[in-house]
Amino acid sequence: MMSYFEDEITALLDRCGLGYTVDSRISCRILSVGVPHAGSGTIGTVKIILIPLVAASPDQARKQSLAIRPLAGCRDTLSITEDRWMKSRGMMRRRLLAHLGIFRSVYARDCEVRKINRTEADSFLERTHSYGGAKCRYCYGIFLKRERVKTEDRHGVKEETGIGAGLASGTMIAAAEFSNARRWIKDGKEIRSYEWIRYASLPDVRISGGMGKVLKRFAEDVSPDDIMSYADLEWSDGQAYQKLGFIHDGDKSPVTFAISTVTWQRIPVKETRTSDEARANDSEVFYFQNFGSRKYRLRLY
């Protein structure tokens, strides 16, 4: 039997005419979705790992994670946990469809990058990023400056005006956040390293060259010696960083969370009070251990 959130996802695929097969495992279900490549006539496969909240203890969450982890963090594979879906259905629907080739496409050359304040960045990221905003030093927005937007679907590509596609000139369509410098001495030279903490576009918008455009602007403004970032293995294998010249530089360990079924908020399990905090809303509590993150680094010195 599929859970309610899994039913919602398969119903979405059915409405969009996307064929799929279901592989039921003890800890999850895997949907293999056939996705036509626009204009090529060939079919690719995207694997969606659907992860229900079933663990009643941190130890059960660890065992569930260990069973799924070899499947996650691979190319053309994404994981959707029950809490992420239940907390942000609208965003997750659009992000999922974008991964399946149904999105609005914008070229970076039709955009401009501007500095924005943290309030603006956090407000945007709360609506578009799984983890929302973060403590940071530098914030940027990508703004549409031309109203030509391509809408892509599984049948191919067609041009629309920005107004027709729901995007007008001046719309902020992505945001990024960077940390302040961490400094150390190497070979007698001070190295200034920054973390690229957040990047997200509107969930149903893909900006071709968007991350590169933000990175270039940040490098021009700050002249960093080193930039590092993390790819969350629930959603990405970090391929976007590799295309920008970043190299794999280690991994971050998985984190276990307590999750309330009222707020769907993830609370890291670090202290005994975590469970009590999650139960503060008189809700049922489950546990989930993520798959960790892949660390990437761009050396500029």
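How many bridges pair strand 2 and strand 3, and in which sense? The two strands pair over 8 bridges in the antiparallel sense. Two strands count as paired if DSSP finds at least two bridges between them. Helices (H or I, at least four residues) and strands (E, at least two) are DSSP runs, numbered from the N terminus.

The model is predicted: local features need pLDDT of at least 70, side-chain atom pairs count only at pLDDT 80 or more, and totals for chains, interfaces and linings use all residues. Residues are numbered from 1 along each chain as its sequence is written, and side-chain values use heavy atoms, with hydrogens and water left out.

The protein contains 8 helices and 19 strands. Of its 301 residues, 50% count as buried. Buried means under 20% relative accessible area, exposed means over 50%, and partly exposed lies in between (1.4 Å probe, protein chains only). The accessible surface comes to about 14700 Å². Carbon and sulfur atoms hold 47% of that surface. These areas come from the Shrake-Rupley method with a 1.4 Å probe; for residues, only the protein chains shown count as cover. Contacts were also sorted by sequence separation, a contact being heavy atoms within 4.5 Å. Among contacts between residues at least 6 apart in sequence, 70% join residues at least 24 apart.

Strands 2 and 3 belong to an open sheet of 4 strands. Its order is 1-2-3-4, and its pairing is mixed. Strand 1 (20-24) and strand 4 (77-81) are the edge strands, and each pairs on one side only. The twist averages 25° from one strand to the next. Axes here are lines fitted to C-alpha atoms, for helices over the stretch in contact, and angles run from 0 to 180 degrees between N-to-C directions.

Strand 1 and strand 2 form a hairpin, with 4 residues between them. They pair in the antiparallel sense over 5 bridges. Tyr-20 stands opposite Val-33 of strand 2. Strand 2 (residues 29-36) is mostly covered, with 6 of its 8 residues buried. On the strand 3 side, Leu-31 stands opposite Ile-48. Strand 3 (residues 43-51) runs parallel to strand 4, and 5 bridges join the two. Lys-47 has Thr-77 of strand 4 as its bridge partner. Helix 4 (residues 89-99) packs on this sheet and touches strand 3 and strand 4. The direction of helix 4 makes about 165° with that of strand 4.

Helix 4 also meets helix 1 (residues 4-15). Two packed helices are described by the angle between their axes and the distance between the axes. The axes of helix 1 and helix 4 come within 11 Å and cross at roughly 45°. The two helices are therefore oblique to each other. Angles under 35 degrees count as roughly parallel, over 145 as roughly antiparallel, 65 to 115 as roughly perpendicular and the rest as oblique. The crossing is right-handed, meaning that the near helix is turned clockwise from the far one by less than a right angle, whereas an anticlockwise turn is left-handed. Helix 1 contributes Tyr-4, Glu-8, Ile-9 and Leu-12 to the contact. Helix 4 contributes Arg-89, Arg-93, Leu-96 and Leu-97.

Another open sheet has 3 strands in the order 17-16-18, with antiparallel pairing. Strand 17 (266-268) and strand 18 (285-289) stand at the edges with a single partner strand each, so one side of each is left without a neighbour in the sheet. Neighbouring strands are turned by 35° against each other on average, direction ignored. Strand 16 (residues 256-260) is joined to strand 17 by 3 bridges. Phe-257 stands opposite Pro-268 of strand 17. Helix 2 (residues 58-68) packs on this sheet, touching strand 16 and strand 18. The direction of helix 2 makes about 40° with that of strand 18.

Backbone angles add two further sites. Most residues other than glycine have a negative phi. Trp-264 has a positive phi, near 60°. This residue lies in the loop between strand 16 and strand 17. At 14% relative accessibility, Trp-264 counts as buried. Ser-223 also has a positive phi, near 55°. Ser-223 is found in the loop between helix 6 (210-222) and strand 14 (226-232). Its relative accessibility is 45%, so Ser-223 counts as partly exposed.
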